[in-house]
Amino acid sequence: MKLNDEKSHIFEAELGPDSQLQHFFKDNIVVIRTGFFRNRSLFRDLLTSVLPSITGSKSFRSPLQIWSAGCSDGREPYSIAMASADFLKKKRPGVKLSVLGSDINEQQIQIAKKGEYSIITAEQAALEPYAHHYHIKDNKLQMGRAMLQTVSFKHENIIEARKAIPFHILFLSNVLLYYEKEYRKNIVSRLANLILPGGCFYLESVGGRFMRSLGFERMNTESHFYIKI
Ligand SMILES: C[S@@+](CC[C@H](N)C(=O)[O-])C[C@H]1O[C@@H](n2cnc3c(N)ncnc32)[C@H](O)[C@@H]1O
C-alpha cells in the first residue's frame with residue numbers, strides 16, 4: 001500500500017485475500033466516507049433513465065435486484081432503496097425490490113444492519129421527501145421496518161464476491177479510486193459478469209473504452225451509468 005502524493009487521502013493498494021486492507025478500511029475514516037443521497041446526478045439518472053428503462057423492458061422480471069458494493073455504513077443502499085421503492089410504487093406497482101449492500105468493513109456492516117444514524121444537517125433536505133421510510137427518535141434517524149426488510153447486508157470483499165443471482169443494477173461508487181488501474185479492471189471485469197443484459201453498472205475510475213470492451217455503453221456522456229448491451 002502506498003499513499004498518493006498529490007491527494008493524500010487516496011492510496012494505491014495491492015489487493016489480495018490476505019492483504020492488510022481489512023484493517024486499513026476499519027481504521028481509516030476517509031475511505032469509509034458516505035452519506036444519504038450523496039451524489040445528486042446518480043439519483044437523477046436512476047429515477048429518470050435507469051429505472052424506467054430496466055423495469056419497462058419486455059424481458060424484465062420482478063423483483064428488481066440492486067447491489068451496492070462498498071456500501072460503507074449503509075446510507076447509500078438505503079438511499080437507493082427509498083428512491084427506487086417510491087418509483088416502483090408510483091410507476092410499476094407490483095414490482096418487488098431487493099437491495100443488497102456489501103462492504104469489506106465489518107463494523108460498517110453492523111451499523112448498516114441496525115439502520116440507525118445520527119442526523120447530519122447537510123443531508124436533511126435530500127432526506128425530507130422520503131420521511132415515510134424512516135422515523136426520528138432522540139435526534140437519531142431509524143430506518144423503518146419495510147426498508148430494513150428490503151435492504152440486506154453482507155460483510156464481503158468485492159474481489160471474492162460470489163453471487164447466486166445476477167443483478168439489474170450494480171453500484172460501485174467511490175470504491176475503485178483506492179486501487180491501482182490493473183486491479184480496477186480486474187474487479188470491474190468480474191463484477192460485469194454479475195449484471196443482467198439490459199442492466200446497469202454505476203462506477204467511476206475506469207474508462208468508457210474499457211467498459212465497451214466488456215459489452216457496456218455509457219448511458220450518456222455525463223453519466224457514470226453503463227448499460228449492458
Ligand atoms: C468512500 S466509501 C464509499 C461508500 C459509498 N459507496 C458511497 O459512495 O457513499 C468506500 C467503501 O468501499 C469499501 N471497500 C473498499 N474496498 C473494498 C473491497 N475490496 N470490498 C468491499 N468493500 C470495499 C470501504 O470499506 C468503504 O466503506
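S72 is buried, because 25 other C-beta atoms lie within 10 Å, and a residue needs 20 or more such atoms to count as buried. The model in which S72 appears is a predicted one. S72 belongs to the loop that runs between strand 3 and helix 3. The backbone of S72 is notable for its phi, which is near 55 degrees, a positive value in a residue other than glycine. S72 is also one of the closest residues to the ligand.

A second residue of this kind is N174. Although N174 is not a glycine, its phi is positive, at about 60 degrees. N174 is found in the loop between strand 9 (167-172) and helix 7 (181-192). N174 counts as partly exposed because it has 19 C-beta neighbours inside 10 Å, whereas 20 or more would be required for a buried residue. N174, too, is among the residues closest to the ligand.

The surroundings of the ligand can now be described as a whole. The ligand is surrounded by 20 residues, and the closest include T34, G70 and I104 together with S72 and N174. By character, this shell divides into 8 nonpolar, 8 polar and 4 charged residues.

The backbone has a further feature at P63. The peptide bond that leads from S62 to P63 is cis, and its omega is near 5 degrees. P63 is located in the loop between helix 2 (40-56) and strand 3 (64-69).

From these local features the description turns to the interior. In soluble globular proteins, nonpolar side chains tend to be buried together. In this model, the largest nonpolar core has 51 residues, and the members that touch the most others are L170, L172, C200 and Y202. Helix 3 (residues 75-91) supplies the largest share of this core, with 7 residues. L170 illustrates how the core is joined: leaving aside residues up to four places away in sequence, L170 touches W67, A69, L191, L194, I195, F201 and Y202.

The overall architecture completes the picture. The protein comprises 8 helices and 12 strands. Of its 229 residues, 36% are buried. Among contacts in the protein with a separation of 6 or more, 70% are between residues 24 or more positions apart.

Key. Residues numbered from 1 in each chain as written. Predicted model: local features only at pLDDT ≥ 70, side-chain atom pairs only at ≥ 80, totals over all residues. Near = placed C-beta within 6 Å. Nonpolar A, V, L, I, M, F, W, Y, C, P; charged D, E, K, R; others polar. Core = buried A, V, L, I, M, F, W, Y, C linked by C-beta atoms within 7 Å. Buried ≥ 20, exposed ≤ 12 C-beta atoms within 10 Å, placed from the backbone. Helix = DSSP H or I, 4+ residues; strand = E, 2+ residues; numbered from the N terminus. Contact = placed C-beta atoms within 7 Å.
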